[in-house]
Structure formats: C-alpha cells, structure tokens
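Welcome! Take a moment to look over the chain before reading on. The report below walks through a few of its features.

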Amino acid sequence: MTGKATPEASVSTSEGTAPEPAKVPTPEPSGQVAASESTGQEQAPEPQKQPQAQDPAAHEAPATPATIKPEAPSEDVPSAPLQLTLEDVSHSSLTVSWEPPENLGKLGLQGYVLELCREGASEWVPVNPRPVMVTQQTVRNLALGDKFFLRVTAVNSAGAGPPAVLDQPVHIQEITEAPKIRVPRHLRQTYIRQVGESVNLQIPFQGKPKPQASWTHNGHALDSQRVNVRSGDQDSILFIRSAQRSDSGRYELTVRLEGLEAKAAIDILVIEKPGPPSSIKLLDVWGCNAALEWMPPQDTGNTELLGYTVQKADKKTGQWFTVLERYHPTTCTVSDLIIGNSYSFRVFSENLCGLSDLATTTKELAHIHKAAITAKPREFTERDFSEAPSFTQPLADRTSTPGYSTQLFCSVRASPKPKIIWMKNKMSIQGDPKYRAVSEQGVCTLEIRKPSPFDSGVYTCKAINVLGEASVDCRLEVKASATH
C-alpha cells in the first residue's frame, strides 16, 4: 500500500473494529525516535510474530515500560514512530497522535498498532485488532480514575518494529472547566417586548462537568406559573408564553460548578400603548389662531413617551387633520385656521408601541370670526408725463448707390405723440410717392425708393407737439456708377 495516511482516526472502544487502513504515510525526518537502545523501552517482537502478540516481558514480573529493553531493530521492520503525543484526555476517553517513523523498512509500512497497559499490570492490550494507517486515535469507554501506559508500533509484513512509548501514564479523570456565560449581543441592552408577546431567551454557557443553572427575577425566585426554564449542558432557556408588565425587571442567571460561579443579568421591559392625555383645554382664540393646553396621561405604557399628536377638524366636514406629530410640550398654538369655520381639537399620546387607542377632545369649539374690515381707498396723484419732443437717436449721413433703395433712421421721445415731418433741402416731401415715411414706437424711418443722383441733399426730420418741436438732419449722397 502506498500514499499518505489520513491525519486523524478514532476507535470507539478498546475492543471495537478499527477503521479501514489508509494509505502509507510519508516518513518525516523531524521528531524524536521513541524506541532506541538508550530509552530502555520494551523489547520489539520477532519479525515472524503478529503485531498483536504479547512481548516476551509480559511473562515476567509486573514492570513499567521504561524498565524493558528492546532488541536491536532489524532493517526489514520499520523504526519506532516519532513524536508520540497525548492530545486530549476526558472522563472516559483519550486521544493520542504520532508521526511516521524515519525508516519504513525494506518491505514498506503496513500500519500501526496502539496498545494500552494498565498501571501496575504487565499485559499490553492492543486497541485495534489489526494495523491501521492512521496517525491519530481516540480510545473511548475508559473507566474514570484508571491510569494507562501507551505505546504505538509500526508494522509491516516482516513484523513489528520497536514501539514508541509515552514517558508518563495517562490518568483518566474529570476535567474541570470554570463556568462562563456568553450573553448574546442583543441581550446586553434592555430587551423590550409588548404585552402579549412571548419571551424566549437562550443563554449559552460553558463549564465541565455540567454546571447547575438557576434564575432569579429582581432577586427573587421565578414564578413557575408564568416562567418556564429549561437548562441543558451548554445553555439555559427562559420562556414566557404571554408577557405582562409585571414580568419587567432584571433576570439574573447564575451558573455554579464546584464552588465556582458565573452570573449574567438581563433587563426585560414589557410595554404597551399609553393612555390618552388626562384633559385638554382651549385657552384662547384670536385671529386665525387657537391656543391649547393638556395634561400628560396617567398611564404611559411602562415606557417613556415619544410625544403627542395634535389634530384639528372643522365643524363643516368633521374630517381630522394632523397638525403636530411627536410634539413634546403640553401646550401649543394652532395657526392658519380658516375664517368663518369652527374647529375641534384632539390629542393622542405616543410611545414605542404607537399612538394611544383613544384621544382627548376639546369640549368647546374654536370659532374663527370674520373681522369688520372697512375699505379706505388711498388718494392717487396722477403723474404728468407730458414732454416736448427730443431726439434720442439723430440721423446719420449716408452714401447710397443709384437704383438701390435706402433708409434713414432716427428716434424721438415726446408726450403727447408728436407729428413727424420729413423735408429735403428745407422743402417738405410729404405726399411724394418716391418717399415712404413710417413712425412706430418713437422710431422714425424714411425710405427713398431707387434713388438717383438728383436725390442727393440734406434731409431733415421734424417732430412737433403742443409742448414744442425738435428736428435733426443728415446728408445723403447718391453717387453715380463709374463708367469705363
């Protein structure tokens, strides 16, 4: 068989069937060789004997393995396994491990045989009836208080090699572990439940042997009619089917073990919806405002209030609208009320469970009266915008080409609207079809249609109203085309 051994295996009883052989482990150079001439361990069996055969020293007087000297190992059989170590000991089992031997022998490795020898006895009892290819084994169903020597031998077809032996006997005894409680994170602060909900707390703890767990409520024993407790080897469960406010308080878990104890406290708060405010009063009404005042509720639901919700309803529709939410003071002013309407007001209390089932409502209505208003018109002084004509943009001199229409522009400001007169060389051109005059929004335009050199001259725009007159002029030059 070739390959590497499985790192762990266990044997259920000292007489039980060993696990199937695994692959041959690879030898490692590190570790201490347990079987050598200087250690004085038990003599290795002859190659032709089975691995389970008793040692020759078994017929002699009782002795510990340290007083038995093995023969020199043969090259055909494996050497002693390395680093035989006790991994774990409990009240009924032990676990050992080792490393493969340095020398597997000429015929290779067939497996390992683990043997026990009770302290004071001389007979080595094999744990597994045939060699197994594992380097870790667990022996169970051992008697509490027994002491055993342990040895392991590597075996191949040529026989068993020298054993590796534990220097000290293994004592099977109860291992005491101090109790320790692990409180879940969500229980490290106040655990809040509503009335009627169930409370189910599972608190894990540690301790060997099994510790005793007990609970108290505010320093007193639990009421078995309301609270059920079940404690196991590793946790304790506290269960309340239907929580009531009287179940609030500090619950303390105590875990005791042989004079040692651990404690953990859990605060539980059982809450419900608060009652409505004790009373409400309409203090004053002015303009579009109403002032209210109320008293806190007698029952807050076993927890702090988050505030109050204020609502209003007008007499016409009767529909309630929220004005304030989670409002902490006990007085408020409701504004923006509609003139001519009458209003009722109500207030709810609120905590973690929500709004109170009932609200406190004002007995009287808040009437928003119409104020007597007399319209007093203000005196109006009409402003005089009259203005004599004045040109804000004068005419500009232009040069034009014969046959191409051209335009002259200017802007005038006047009130009332002035009369516009266009002149050429001091002569009025009103009504001449060659010219087209336009005046819009104070902008005066004169279009000269297909001018000729005869149309050259000084053009004047005159604006006249009742307050005065003004004029601007410019020079227009129509140049004839050059001839060749």
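## A pair of facing residues

Lys 424 sits opposite Tyr 459, a residue of strand 35. You are looking at a predicted model, and this facing pair is a good place to begin. Strand 31, which covers residues 419-424, runs antiparallel to strand 35, which covers residues 457-465. Six bridges link strand 31 and strand 35.

## The sheet around them

Strands 31 and 35 both belong to an open sheet of five strands. Reading across this sheet, the order is 29-36-35-31-32, and the pairing is mixed. At its edges lie strand 29 (398-400) and strand 32 (427-428), each of which pairs on one side only.

## Another antiparallel pair

Now move to an earlier part of the chain. Strand 2 (residues 94-99) pairs with strand 5 in the antiparallel sense, and four bridges join them. Within this pairing, Val 96 has Gln 137 of strand 5 as its bridge partner.

Which way do the residues of strand 5 point? Strand 5 spans residues 136-139, with Gln 136 and Thr 138 pointing one way, while Gln 137 and Val 139 point the other way. Gln 136, Gln 137, Thr 138 and Val 139 are all buried.

## The chain as a whole

How many helices and strands does the chain have? There are zero helices and 36 strands. The chain is made of 484 residues, and 40% of them count as buried.

Contacts between residues at least 6 apart in sequence give another view: 66% of these join residues at least 24 apart. As for the outside, the accessible surface of the chain is about 27900 Å², and carbon and sulfur atoms account for 48% of that area.

## Cysteines without a bond

A disulfide is a covalent bond between the sulfur atoms of two cysteines. How many disulfides are counted in this model? The count is zero. Cys 410 takes part in no disulfide, and the nearest cysteine sulfur, belonging to Cys 461, lies 3.7 Å away. Cys 410 has 2% relative accessibility, so this residue counts as buried.

Why does Cys 444 form no bond with Cys 461? The closest cysteine sulfur to that of Cys 444 is the one in Cys 461, and because the two are 4.5 Å apart, they are too far for a bond. The cut-off used for a disulfide is within 2.5 Å. Cys 444 is also buried, and its relative accessible area is 0%.

Notes
Residues numbered from 1 in each chain as written. Predicted model: local features only at pLDDT ≥ 70, side-chain atom pairs only at ≥ 80, totals over all residues. Heavy atoms only, no water. Pairing = 2+ DSSP bridges. Helix = DSSP H or I, 4+ residues; strand = E, 2+ residues; numbered from the N terminus. Buried < 20%, exposed > 50% of the residue type's maximum accessible area, 1.4 Å probe, protein only. Contact = heavy atoms within 4.5 Å. Areas by Shrake-Rupley, 256 points an atom, 1.4 Å probe, with all protein chains shown as cover.
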